[in-house]
Amino acid sequence: MVESAYIGLGSNLGDRLAYLQRAVTALAETSGLTGVLASGVYETAPYGVTDQPWFLNAVVRADSRLAPEALLEHLQRLEAQAHRQRDRHWGPRTLDLDLLLFGSRCLTSPALTVPHPHLTARSFVLVPLCDLDPELIHPVTGRTVAEHRHALGPDPTTRPYLVGGSPAILSTPPSGSQTHA
Ligand code: A4P
Ligand code: MG
């Protein structure tokens with residue numbers, strides 16, 4: 001069974017754009033994930049714990065043949081490969097990969113809550129989600145991600161990230177070189 005997975009990417013340490021790009025490449029090369037597409041890249045004010053550097057955030061969608069638990073384990077391996085340290089809850093990190101949505105599934109366990117519980121309160125998630133699919137329906141609220149974004153109102157602290165004056169793009173490699181999750 002193939003289901004659409006939406007993955008939130010965040011980085012606020014080191015070469016932030018390179019961490020996001022490497023994550024997109026690794027996801028596109030993962031066996032069990034196809035049709036990998038990345039949103040725009042946004043520079044965003046830290047949410048929750050505010051005394052830390054600004055983040056780069058993006059969202060990736062993929063068609064997943066992996067079960068959600070297996071996909072989360074794979075995301076955690078990719079975080080570890082990016083030398084992610086878990087020093088502080090919501091603290092600075094080289095790479096954070098959150099499973100935002102998985103088809104229309106609603107899952108609640110200590111290891112995995114889907115939809116991601118803070119999704120509807122975060123413009124740094126909703127804005128890139130709207131790049132990919134504004135009509136995507138949140139399976140708990142029944143509202144589209146565009147409606148949730150509208151409900152939050154404009155957020156000047158979620159801005160397109162510019163490189164040399166142009167919006168940064170996360171590229172996906174040509175298909176064919178997939179590795180196992
Ligand atoms: N977990 C449960 N559900 C999920 C899910 N849907 N996706 C568990 C990913 N993980 C999930 O995560 C803690 C545990 O959550 C994991 O063991 C996993 O089994 P973590 O990545 O170790 O720690 P964390 O990221 O510090 O905590 P958490 O609660 O995941 O925080 P968030 O939601 O990732 O928020 N501000 C801006 N501007 N941009 C950001 O990206 N990110 C955060 C962290 C705070 N502020 C931010 C940003
Ligand atoms: Mg996280």
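**Exercise 1.** Which residues of α3 are buried?

*Solution.* The structure is a predicted model. To settle burial, count the other C-beta atoms within 10 Å of each residue's own; a count of 20 or more marks the residue as buried. In α3 this test is met by S123, F124, V125, L126, V127, P128, L129 and C130. The helix is thus mostly covered, with eight of its 10 residues buried. Finally, identify the partners: the buried residues of α3 pack against β1, β4 (42-44), β5, β6, α4 (145-152) and β9 (158-160).

**Exercise 2.** Determine which residues touch the most other members of the largest nonpolar core, and which elements supply it.

*Solution.* The largest nonpolar core has 44 residues, and I7, A23, L27 and V60 touch the most other members. At least two residues each come from the strands β1 (3-11), β3 (33-38), β5 (55-64) and β6 (96-102), and from the helices α1 (16-28), α2 (68-81) and α3 (123-132). The element that gives the most is α1, with seven residues. Next, take A23 and leave aside residues up to four places away in sequence: A23 then touches L9, L78, L95 and L97.

**Exercise 3.** Establish why the protein is described as being as compact as a globular protein of its length.

*Solution.* Begin with the inventory: the protein has four helices and 12 strands. For 181 residues the globule rule gives 16 Å, and the radius of gyration is 15 Å, close to that value, so the protein is as compact as a globular protein of that length. Along the principal axes, the C-alpha atoms fill a box of roughly 40 × 35 × 35 Å. Of the 181 residues, 36% count as buried.

Notes
Residues are numbered from 1 along each chain as its sequence is written. Chains are lettered from A and ligands numbered from 1 in the order in which they are written. This is a predicted model: local features need pLDDT of at least 70, side-chain atom pairs count only at pLDDT 80 or more; totals for chains, interfaces and linings use all residues. A nonpolar core is a set of buried Ala, Val, Leu, Ile, Met, Phe, Trp, Tyr and Cys residues joined through C-beta atoms within 7 Å. A residue is buried if 20 or more other C-beta atoms lie within 10 Å of its own, exposed if 12 or fewer, and partly exposed in between; C-beta atoms are placed from the backbone. Two residues are in contact if their C-beta atoms, placed from the backbone, lie within 7 Å. The radius of gyration is taken over C-alpha atoms; the globule rule is 2.2 Å times the number of residues to the power 0.38.
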